[in-house]
Amino acid sequence: MPERDDIVGTSPLRKEGRAKVLGQAKYIDDLSLPGMWHGATVRSSIARGRIGAIHFAPEVDWSQFAIVRANDIPGENTIVHLTKDHLCLAADMVNHPEEPILLLAHQEKAALLAGVAGVRIEYDELPGVFTIEESEAAVANNDVDRIVWEGSEYGGTANCFKQYVLYSGEAKETEDGLAAAFEAADYIVEGEYHTGAQEQLYIEPNGVVAECEKDEKGNVVSVCVRGSMQCPYYLVHALTLVFGLPEEKCRAIQTETGGAFGGKEDFPSVIGTHAALLAMKCGHPVKMIYDRAEDMAATTKRHPSRTRHRTAVSKDGKLLACEIDIALDGGAYATLSPVVLSRATIHAPGPYKWRYVRVRAKAMATNLPPHGAFRGFGAPQSLFALERHMDKVARVVAISPEELRRRNFLATGDRTATGQLLTEPVDMRHLLARALEESDYYAKLARFAQENRGSAIKRGLGIAAFMHGSGFTGSGERRLNSVVAVELLADGRPQILVSSTEFGQGTNTILCQVAAQTLRIPYEQVVIAQPDTALVPDSGPTVASRTAMVIGKLVERASAQLLEKLRIESGLPEDHTPEQFTQAALAYLNAHGELRCSVRYEPVRPVEWNDELFHGDAYPAYAWAVYVAEVAVDLNTYSASLTRFDAMQEVGKIMHPVLARGQIEGGVAQGIGYALYEKCVWKDGRMMNNQMTNYIMPTSADLPEIHVYFEEVPSVHGPCGAKGIGELPMDGPAPAILNAIENATGLGFDSIPLLPEDIFEKAHSFTDPAHGGSEDLDPEKLGEFLPEVNA
Amino acid sequence: MRASLQMTVNGEQRRVDVPPIKRLLDVLREDLDLTGTKEGCGEGECGACAVLMDGELVNSCLIPALQANGARLCTIEGVSTEGRLHPIQQCFLENGGAQCGICTPGMILATHHLLEKHPKPTLEQIQEGLAGNLCRCTGYMRIFEAVRKAAEAQNAV
């Protein structure tokens with residue numbers, strides 16, 4: 001039977017694209033319900049303390065407001081994640097600036113400003129901790145006043161949400177092996193690396209519209225929240241606890257979502273329950289839309305990190321052993337920090353073959369707003385450290401950065417640091433060779449070295465090699481137990497039912513491609529339902545690079561079942577035409593009323609994972625990549641900019657070339673922002689630059705040409721061989737860029753974001769007589785453009 | 001205080017009775033029900049609310065309604081004709097220029113403005129012309145491609 005294979009792998013028009021280019025797509029703020037009120041949040045003005053008296057300004061007509069406090073919550077006062085330490089509304093204590101304390105609703109949106117300003121809260125202020133180091137110091141000094149988090153039923157210790165230790169083998173044997181390897185090593189290379197917080201900066205801020213139905217006694221019967229979100233069933237779960245209602249009485253509907261990047265994974269549970277509480281209180285639907293300043297100040301960001309590396313290496317550049325210590329700043333509540341930490345831990349040893357590995361990782365509590373999910377989810381932090389460190393190791397051993405990597409790459413049949421056997425083909429050497437060739441690496445290295453002499457513009461190249469696991473970690477997919485359905489609509493078209501959401505990345509389009517190809521009908525004939533938990537099954541959250549691979553595979557299976565049903569029951573011939581499909585579908589519906597094929601997650605191959613020991617098959621499949629950054633550093637202005645970027649990756653079968661390129665280019669752009677532009681400025685736990693005016697993301701004028709290349713190695717785990725793609729491109733740009741800056745200037749930097757003032761300071765401090773000089777600095781490279789020596 | 005203002009919106013005469021300092025963005029979205037114009041930042045940084053006012057590209061979140069009195073406005077709803085996509089819209093759709101779509105209306109109007117000024121734009125002119133419109137999804141490369149294709153399509157007519 002000839003396969004219809006001309007849909008997956010082509011680039012049909014994005015399903016909801018027409019509505020988007022016409023401006024007709026309805027985002028949450030475009031929605032208005034009859035009688036709708038507007039909601040706002042009164043937030044803590046301090047980082048940590050006890051809540052005292054609350055005063056309401058007499059000049060405000062409070063009779064026109066609905067006011068919700070913690071004691072109005074009918075169920076549990078909690079935003080559930082892995083544990084319940086995170087309150088829906090602060091009751092007695094606040095633990096970070098901008099923590100929600102009180103909610104207001106009013107018929108007129110304009111009245112809310114005066115309402116929020118009219119609430120004055122007294123506090124009994126307590127000392128806080130605002131960095132990883134301060135949090136650690138409180139524990140080390142047993143400074144009980146600064147123990148800001150005590151542990152939970154999910155685990156954790158004072159000021160520490162979670163700790164992991166990953167050993168490449170059995171613990172004792174690995175410790176002995178490490179000791180022996182460091183003893184025998186020709187070189188031991190150490191380094192410490194830091195990354196800052198990063199704002200997701202979706203262009204559409206968080207927002208929802210909530211409705212609440214009550215019985216005649218005033219008890220809540222059901223709640224429904226529409227909004228911009230990634231994970232409708234996470235919100236349902238949050239609502240069941242806050243309202244004490246069964247799941248079927250809590251409904252979440254995703255509206256068109258204007259970007260998410262992880263920032264709408266867990267946060268809609270906060271704003272969604274808040275708006276629903278206001279709807280309960282005022283008896284009207286309530287719309288809550290954060291403005292940009294509130295969204296930036298109060299919602300989640302990427303975890304800041306500190307990673308220490310200690311590496312044993314032989315003189316011929318063989319990586320023998322590594323000890324890696326990771327610390328993340330989790331903010332004030334545990335939220336998703338343990339899982340972000342898990343991904344950081346597993347990705348820390350990178351795409352290299354090590355004999356002995358020990359990774360110790362911890363997520364610390366601070367009095368910052370909780371950090372959360374952001375594309376990459378811990379991996380960008382640990383891969384930044386690793387890939388900067390690899391350049392350092394190469395320099396110590398005196399071989400080229402690419403040669404060091406080439407000598408140590410994991411390959412097919414090897415085991416990763418968690419002991420996972422790589423059964424599917426992995427060819428990092430080929431990816432590296434192609435990336436160097438496409439970027440014209442060697443010719444440019446030689447040319448730049450020549451041209452840089454006598455020029456204030458220093459140009460250079462840097463590489464990063466990395467991988468990203470697709471899907472939930474270890475047994476996570478098994479626990480999610482996702483369900484996907486494909487049904488027939490009354491007109492005979494198949495409709496996909498999933499809770500997987502579209503927020504720009506292309507979920508709607510690729511899932512319809514998979515169904516169309518499996519059903520052997522045109523793409524245009526397939527429909528996908530808007531995620532509404534009253535209608536679609538729980539196919540899990542739209543996160544973790546899992547949608548294409550895991551959900552795509554389930555759509556493939558459900559579609560195959562539906563096709564089989566039509567073949568057997570309605571006599572649909574092999575090699576059918578689209579018209580025959582519709583006829584068979586209608587015939588089936590006539591005879592049976594409906595057809596809905598539902599499938600549940602089954603691992604393609606058994607997944608062996610030990611959560612306690614952090615050992616086994618961490619992910620079903622990995623995407624692999626080598627990126628090359630080309631930079632120019634202007635020693636007049638000390639600004640660094642990208643002049644070209646080459647992104648080479650293997651993500652399995654490319655389902656939709658245009659969308660796939662878009663994913664890589666968009667991720668690289670965010671990675672460039674992470675490295676060179678996006679700095680969160682903190683003061684006592686509060687973000688001080690919570691505006692687009694002074695938190696700078698790359699514009700169209702800031703980015704170089706981004707060249708994207710794919711090697712296609714089909715994986716058994718995804719539909720038609722696809723693997724995850726969404727997060728991968730976030731992991732590589734930052735280390736590649738800092739490696740390139742070092743290549744250009746001789747200045748080695750180990751922290752991001754790296755701003756012109758940081759480059760200035762380092763270049764300047766070298767020539768300051770008070771400074772002992774920098775071990776990283778190669779004066780040859782800066783030449784006569786070194787700053788004037790202070791007399 | 002309210003003012004009775006009139007403006008030509010997408011070719012139609014419209015009259016609104018609004019506070020004179022109400023943001024043009026809110027007049028469009030709330031009083032004229034033209035929700036294709038989006039709010040991303042409310043401070044003129046992101047360009048999601050961009051519209052054409054007397055042929056100039058403006059951020060409607062920074063324009064008081066009074067300033068638009070008597071003006072000729074074009075919003076995303078006025079770019080297509082009778083449901084037929086404008087070549088710019090078609091090229092954004094075909095080339096992956098729209099991902100999440102929230103910046104798309106402003107981006108399409110910025111492209112419209114750019115191609116009026118530079119029918120055959122260089123890459124630098126495209127980068128410069130769109131620099132006031134932030135996109136967090138695409139990394140801009142697919143948008144540049146869409147603009148180049150739209151320029152070709154317009155020049156071919």
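Analyst: Quick definition to start: the radius of gyration here is taken over C-alpha atoms, and the globule rule is 2.2 Å times the number of residues to the power 0.38. This is a predicted model, where local features need pLDDT of at least 70, side-chain atom pairs count only at pLDDT 80 or more, and totals for chains, interfaces and linings use all residues. Residues are numbered from 1 along each chain as its sequence is written, while chains are lettered from A and ligands numbered from 1 in the order in which they are written.

User: Why does the radius of gyration of chain B agree with a compact globule?

Analyst: Because a compact globule of 157 residues would come out near 15 Å, and chain B has 15 Å. Its C-alpha atoms fill a box of roughly 45 × 30 × 25 Å along the principal axes.

User: What makes residues of chain B count as buried, and what percentage do?

Analyst: A residue is buried if 20 or more other C-beta atoms, placed from the backbone, lie within 10 Å of its own (exposed: 12 or fewer; partly exposed: in between). In chain B, 59% of the 157 residues count as buried.

User: What are the helices and strands of chain B, in order?

Analyst: DSSP runs, numbered from the N terminus: H or I over at least four residues for helices, E over at least two for strands. Chain B has five of each, running β-β-α-β-β-β-α-α-α-α.

User: How many residues does each chain give to the contact?

Analyst: Going by C-beta atoms, placed from the backbone, within 7 Å, chain A gives 43 residues and chain B 41. On the chain A side, α17(A) gives the most, with eight residues.

Key:
Two residues are in contact if their C-beta atoms, placed from the backbone, lie within 7 Å.
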